Amino acid sequence: MSLRLSGWDDTIVALATPPGIGALGIVRLSGKEAINVVASLFPSKDLTKQASHTLHVGYLKSMGNVLDEVVVSLYKAPRSYTGEDIAEISCHGSPFILRQVIDACVQKGARMAKPGEFTQRAFLAGKLDLAQAEAVADLIVSNTEASRKTALNNMRGRFSHSLKDLREQLIKFSALIELELDFSQEDVEFADRAQLKQLIENAKIQTEKLLRSFQLGNVIKNGVSIAIVGKPNAGKSTLLNTLLNEDRAIVSDIPGTTRDTIEEIINIDGILFRLIDTAGIRSHSADAIESVGIERSRQKMQQADVVLYLFDVNETPVEELVKTIDDLQRQQINHLLVANKVDSLDEGEARRKFSGVANVIFISAISGLHTEVLKERMVDAVLRDKVQGEDVVVTNARHYHSLQEVNKSLRDIEEGMTNKIPGDLLSLDIRRCLHYLGTITGEVSNDDLLDYVFSKFCIGK
Ligand code: GDP
C-alpha cells in the first residue's frame, strides 16, 4: 500500500468509550510510541519490558500527581487491531480523570486521533479491507438483530471474499489478453474467449444478486418508512399508539433520521419501521386527509416505502375502498389495506362485506386484535420480491454505486466480445471493471475516498 496519510507516523490517543460518566473509561493509544508514552506515566513497573497481550495494574502519575489507579493492556505490533503497538488504559469512568489522562498522554508526545483513525490505520496496515472497515462503523451503530448480523458478516469479510475471487480471475484474463497484445503480429489467443465469456456471465449474475440485496440491506440498515393514512376517525392515532406500546424501538442514532420531524420507530422482527409524519396523525390537524388524492397525503405516501391505508369497516362503502385501491395502484404505491374496528361489529360480517376485495387485513386498533397479523404483513410488504436468506447483503450506498459500475463494465465486456472488438479495447473494459471492484475493497483508493469513508466513524474507533 503506497498510500501514506499525513500524520501517519504519529502516535495517536483517544477516548474509546462514550463520553460521560461510566464505571470505566478506556483511553486508547496506537503508534510507535504508544507503549513508551504510557510507560512514562506508569511508575509501578517498566511497561516497555512487558510481553504483548498482557495486563498491568498500577497508578498513573503525571507531574507528581496520581491521576488514577488503572489497568493497562498492551498489544504489540503487528498483533493488534491497527497493526501498530497499542496500549489501552482502563480508568475509572470520570470525564475529569479521562480528560487528565488524555492530556498527560498528549504531553508525552501523543496526538489526538481523528475520527476513525484507528480503523484507518488497520486498513492501511492491511488488517482489513475497506469494505470490512466500513462494516466496523456499521456494527457500532447497529441497533437490531438484522443490522448486527449483516455488519458482522461484512466485517468478517464475506462480502469482500465474494468479490476477491472475481477480481483475481479477471486479473488473470486481463494479463493474458495483454500478453496477446505483445504478440499481436502473430494473431495468437492466450485467453480462452469461451472461458472469459463464462466468467463474465457468472460475474454478472453475482453482481446483479448483490445489487438486488442492497434494497434489503438498506432496509436492514436504515429501516423502512411507513405512512399510516386514512380518513379522519379511521383510527390512525389509535393504531399508532397500539403499535408503539407493543414495539417501540429504543434507538439513539439511526442514520437518515432527522430529529426535527417527529418520527416514531418500531422494531418488528429486527426491521425498523419509521412512521412518517407521526405529528400529523397525532395532532388531528388539517393534515388528516379527506380522501386519497389530497396533495399532502400524496406527498406523504410517495415518501413512504410502504403505505398502510386504514379504514373504518363500518363507515366505508365497498365502492369507495375499490376506488382508493385503484388510486393506490395507479400511483404504484406499495400498500397494505387495513380494515379497522372489527370489534364494533361481527368480524365474520366485516369479512363478508369486503369479501370481494383481496388482501384486506382486519384488525381492531383499540384492542390490539390481529395486530400480530398486521405486523407480519408489514414485514412481508418489505421483504416481498427481495432477496431472502442471502448471507451477503450490500448495505452501503458506496458499494452499491461501485457495483453498478462493475455491472455496467461487465456488460460492456460481454458486448465487446460479441462484437469481436480488438484485444486492446477489451483489455480497457476489463481494467475499468477491475478498477471499480477495487474501489469497494480498497485495492484502489485515494485520500479523498479514505477521508470520506473514515470521517463517518466516531473518534476512538
Ligand atoms: P384518526 O382520526 O384516524 O387518528 O382516529 P382516532 O385514532 O382518533 O380514532 C377515532 C375514533 O375511533 C376514536 O374514538 C377511537 O377510540 C375509535 N377507534 C379507534 N380504533 C378503534 C377500534 O379498533 N375499535 C373501535 N370500536 N373504535 C376505535
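Of the 461 residues in the chain, 50% are buried. The model is predicted. The chain holds 16 helices and 12 strands. Among its contacts with a separation of 6 or more, 66% join residues 24 or more positions apart.

**Annotated positions**

An unreviewed UniProt entry carries the annotation "binding site" for R28, E88, K127 and K461. Two of these positions, K127 and K461, are described here, and T242 is set beside them in the table.

| Residue | Location | Relative accessible area | Class |
|---|---|---|---|
| K127 | loop between α3 (117-124) and α4 (130-141) | 40% | partly exposed |
| K461 | segment after α16 (447-454) | 22% | partly exposed |
| T242 | helix α8 (residues 236-247) | 12% | buried |

The class boundary matters for K461 and T242. Buried means under 20% relative accessible area, so K461 at 22% counts as partly exposed, whereas T242 at 12% is buried.

K127 sits in the loop that links α3 to α4. Leaving out residues up to four places away in sequence, K127 touches the run P78, R79, S80, Y81, T82 and G83, and also A122. With P78 there is a specific approach: the K127 side chain comes to 2.6 Å from the backbone oxygen of P78.

K461 follows α16 in the chain. Beyond its neighbours within four places in sequence, K461 contacts R28, Y81, G116, E117, F118, T119, V136 and I140. One of these partners, R28, is itself covered by the UniProt annotation. Y81 is in contact with K461 and is also touched by K127.

T242 belongs to helix α8. Its contacts, not counting residues up to four places away in sequence, are A365, G368 and T371.

**Packing of α14 and α15**

Two packed helices are described by the angle between their axes and the distance between the axes. For α14 (residues 397-418) and α15 (residues 423-441), the angle is about 165 degrees and the axes lie 8 Å apart. Angles over 145 degrees count as roughly antiparallel, so α14 is roughly antiparallel to α15. The crossing of α14 past α15 is left-handed.

On the α14 side, the residues that meet α15 are R398, H399, S402, L403, E405, V406, K408, S409, L410, D412, I413 and M417. Their counterparts in α15 are L426, D429, I430, R432, C433, Y436, L437, T439 and I440.

Key:
Residues are numbered from 1 along each chain as its sequence is written. This is a predicted model: local features need pLDDT of at least 70, side-chain atom pairs count only at pLDDT 80 or more; totals for chains, interfaces and linings use all residues. Side-chain values use heavy atoms; hydrogens and water are left out. UniProt positions are given in the numbering used here, feature names are shortened, and annotations may be inferred rather than shown by experiment. Helices (H or I, at least four residues) and strands (E, at least two) are DSSP runs, numbered from the N terminus. Buried means under 20% relative accessible area, exposed over 50%, partly exposed in between (1.4 Å probe, protein chains only). Contact means heavy atoms within 4.5 Å. A polar contact is a pair of N or O atoms within 3.5 Å; within protein, one must be able to donate a hydrogen and the other to accept it, and residues adjacent in sequence count only if both atoms are side-chain atoms. Axes are lines fitted to C-alpha atoms, for helices over the stretch in contact, and angles run from 0 to 180 degrees between N-to-C directions. Angles under 35 degrees count as roughly parallel, over 145 as roughly antiparallel, 65 to 115 as roughly perpendicular and the rest as oblique. A crossing is left-handed if the near helix is turned anticlockwise from the far one by less than a right angle, and right-handed if clockwise.
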